[in-house]
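Work through the exercises below with the sequence and the structure side by side. Each task is followed by a solution in steps.

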Amino acid sequence: MARVFIAEDTKTNRYILEKMLRANGYDVHAFINGRELLDQFMLKPADIVITDIQMPVMDGYELVNNIRANRKYDHIPIILISATFRDIQSRIKGLDSGANDYLVAPIDTDELLAKVKAMLKVKDLYENLQKAQTELKKTNTALKKEMTGRKIVESELRESEERFRAIVENAPFGYYRVGKDGSWQYVNPVWEHMHGLLLKDVIEKPFEITQPEDSVEQARELVKRALAGETIFGESSRLKRDGNVEYHSFNIQPVKYGKKIVAIEGFINDITERKQAEEALLESEEKYRQLYESNQMPISIFDIETLKFLSVNNAFAEKYGYTKEEFLKMTILDIRPESETVKLKDSVKITDSGLTNAGVFLHKKKNGGIIHVEIIRYDLVFEGKNAKLVFANDITERKQAEEKVNHLAAIVQSSADAIIGRSLDGIITSWNKGAEKLYGFTESEVIGKSISLLIPPGNDEDISTILDMIKSGEYIDKYETVRRRKDGREIQVSLAVSPILNSEGKIIAASTIGRDITKQKEILAAMQASAGQSNGLKNLIPICAGCNKIRDDDQESHPWVSPAVYINDRLPNVNFSHGMCPDCMVKWYPDFSEEKQKK
Amino acid sequence: MEKIYLADDNKTNRYVLEKALAAAGYNVRTFKDGRELLDEFLKEPPDIIITDVKMPVMDGYELIKAVRADNTYDHIPIVCISAAYTDLASKIQGFNEGANDYMTTPINEDELTAKIKSLLKVKDLIESLRKSETRLQNEKDRLNLLLSTFNNRENRMVELKKEINALLEEAGKPPKYMQ
């Protein structure tokens, strides 16, 4: 609602004007003189001022002057009304003072209303313009502020654009740009090198000129798609003149300014080496896979955290009797006896550096059989998990063989016969209890010493004779000779010497089994003596020609016994005759004994 | 020098007014009827129009309607002068069509000049506002254009930077089989 200020000192006129304007929808404020109107005007200006000229305190001219004094109110229409000054001069003075119209009483109210309306229209026009301008000024200030910010961004952009250009120039990959019309706009040095073409060779020429004939259509299609806004990634290969294949990875993308696509650009990368490496890797992976799968050694991989099997090879599955599928549901605890659990858990905690021999463990097969397994481990990451690769070497048989050897060694050690081991150059390497008893030396006294320690002086050729025989691979059974004890006493011994062969069948040492036959020799000597002295054949006792055993006639079963057993108590009362024990009979005359058995 | 278009079918009146206004320092062009004035107005608008109401071919009301039809010219003041239509209804119609003043004969030349001065003052105010509006509008357009250019360039650079970084990263990585 437009605010109308009226100043009129005549009450009646004021009342009529006020009533008329209010009836026409105006917000009317009436004042009794110019001063009062002006005071109110300064607080909140009116949209239009209608004022009488002749008034006390402040007249109409003065009021107009006061209002117009502020340029801000230039556009506010003022209508002067006068009943007194009707002459032209006054009217011109009124208009000149800044009023917009000068009416003379009596006033036609309709004309006044039409004038007020016309003036307010112009005023609104002005104010709307002013408002729009204020808005614009505000917008522009904001825009300018934004621009200041942008100018900084712009300089940063320019900088990064230069950096981008430098990157593209020096990039380790090819960069290119093709205009909307399909002609080359830019290529970087790497691109030049890859294609063997220079920028000046291709610039402004159609992109097809660098495409191999067979892929021109494909390239056209890609360019079309990129110009339609698509970003494309791809790989391509081309046969080089030297017969090698070259692999490239590339992308094509639209270059946009705003929403408009103005060009396409992209990168191209030589990935030949990578491709070749990938192929080589696949090949070597296959090789290793085969090596793993078909290895005779049982191999498995298990997760250190969960102890679950991650993979087992064929030999492993076969060794333990489970299928591979079963293994993948099992942990390594499932193939151990319970007694080994703690040892295993402790062992798994250890980090191995490189191939590590973790020792021997007991493993349990599916059928319950326990095997000794030597574990060789290797830490690795398998399928993203920390794992151990395990070579499981079944050493059960070796273990058993070792036990057998130990057993034999115990027998040797505790044998009554003197058993000596010696190297080919005559150094004593082993010495059992029997030897200690026979020769009087303890083990520590002789190990590492020469066998000649036992040879009486003057019998030196003995050694070389034995050695020669051994070297030729002969077994020496019953080699009778003389040996010297630690106390210097010489004894008659019967030696059995056999060569010791290594795994390749080569003679590397010899073992000698010695037996004291001093007594036996004495008996024989006595026998020979008595045979010479006595003529009668009474009390003849047979003595075996093969093994010198004597038949014990005093016993009902007539066993053949060692002369030593027999002679001691009965020697003086007997004469001997030749005979042969059944063992020697079988040994010497196998035919005879068979015939005998048949009979 | 402000330009005044004056339309009056009465030759004497035309002559008197033209002389008076020219004497007051205005550049006056006179026309026999509304149509003639309007034709010239459309070619080159004046600063103010003074028109008789009763005229052949095109009367004052029609002329005002035609001038006010275009918003561009709603600030150009129009003063009606009439010897024939002095009644209130005619005056109100004049104002309603868009006249800024309506004077009846006899016309005091000095009063007319004072009114013209007053009207031209308001007109100048509005024109200067319009002019600066145009200037501001142009500036706004220019700033907006610049901003959108910046924005485009910035987007493009951001994208490029992203791609470059992605590629550099890719190039710096060991091949797939080594990862």
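**Exercise 1. The largest nonpolar core**

Which residues of the largest nonpolar core touch the most other members?

Solution. The model is a predicted one. Its largest nonpolar core holds 76 residues, and V4(A), F5(A), I6(A) and V49(A) are those that touch the most other members. Next, look for the element that supplies the largest share of this core: helix α5 of chain B, residues 109-172, with seven residues. Apart from this core lies another, of 21 residues, including V190(A), L227(A), I252(A) and I264(A).

Now take V4(A) and set aside its neighbours within four places in sequence. The residues in contact with V4(A) are then L21(A), Y26(A), D27(A), V28(A), A46(A), D47(A), I48(A) and I50(A).

**Exercise 2. One side of a helix**

Find the buried residues of helix α3 of chain A, and state where around the axis they lie.

Solution. Start with the helix itself, residues 60-68: its buried residues are G60(A), Y61(A), L63(A), V64(A) and I67(A). Around the axis they cover an arc of only 160 degrees, so they sit on the same side of α3(A). An α-helix has 3.6 residues a turn, so residues three or four places apart point the same way. Last, identify what covers the buried residues of α3(A): among the elements of chain A that do so are β1 (3-7), α2 (34-43), β3 (48-52), β4 (78-82) and α4 (88-97).

**Exercise 3. Two hairpins**

Describe how strands β18, β19 and β20 of chain A are paired.

Solution. Begin with β18(A), residues 476-484, and β19(A), residues 490-501: they pair in the antiparallel sense over seven bridges. Across this pair, Y479(A) stands opposite L495(A) in β19(A). The two strands form a hairpin with five residues between them, and G488(A) in the turn has a positive phi of about 95 degrees.

Then move to β20(A), residues 507-516, which pairs with β19(A) in the antiparallel sense over nine bridges. Here S494(A) has R515(A) in β20(A) as its bridge partner. The hairpin of β19(A) and β20(A) has five residues between the strands, and G505(A) takes a positive phi near 85 degrees.

**Exercise 4. Where the chains meet**

How many residues of chain B are in contact with chain A, and which element gives the most?

Solution. Count the chain B side: 40 residues are in contact with 48 residues of chain A. Both α4 (88-97) and α5 of chain B supply at least two residues of that side. α5(B) gives the most, with 30 residues. By type, the chain B side divides into 20 nonpolar, seven polar and 13 charged residues.

Key:
Residues are numbered from 1 along each chain as its sequence is written. Chains are lettered from A and ligands numbered from 1 in the order in which they are written. This is a predicted model: local features need pLDDT of at least 70, side-chain atom pairs count only at pLDDT 80 or more; totals for chains, interfaces and linings use all residues. A nonpolar core is a set of buried Ala, Val, Leu, Ile, Met, Phe, Trp, Tyr and Cys residues joined through C-beta atoms within 7 Å. A residue is buried if 20 or more other C-beta atoms lie within 10 Å of its own, exposed if 12 or fewer, and partly exposed in between; C-beta atoms are placed from the backbone. Helices (H or I, at least four residues) and strands (E, at least two) are DSSP runs, numbered from the N terminus. Two residues are in contact if their C-beta atoms, placed from the backbone, lie within 7 Å. Ala, Val, Leu, Ile, Met, Phe, Trp, Tyr, Cys and Pro count as nonpolar, Asp, Glu, Lys and Arg as charged, and the others, Gly among them, as polar. The arc is that of the directions from the helix axis to the C-beta atoms. Two strands pair if DSSP finds at least two bridges between them.
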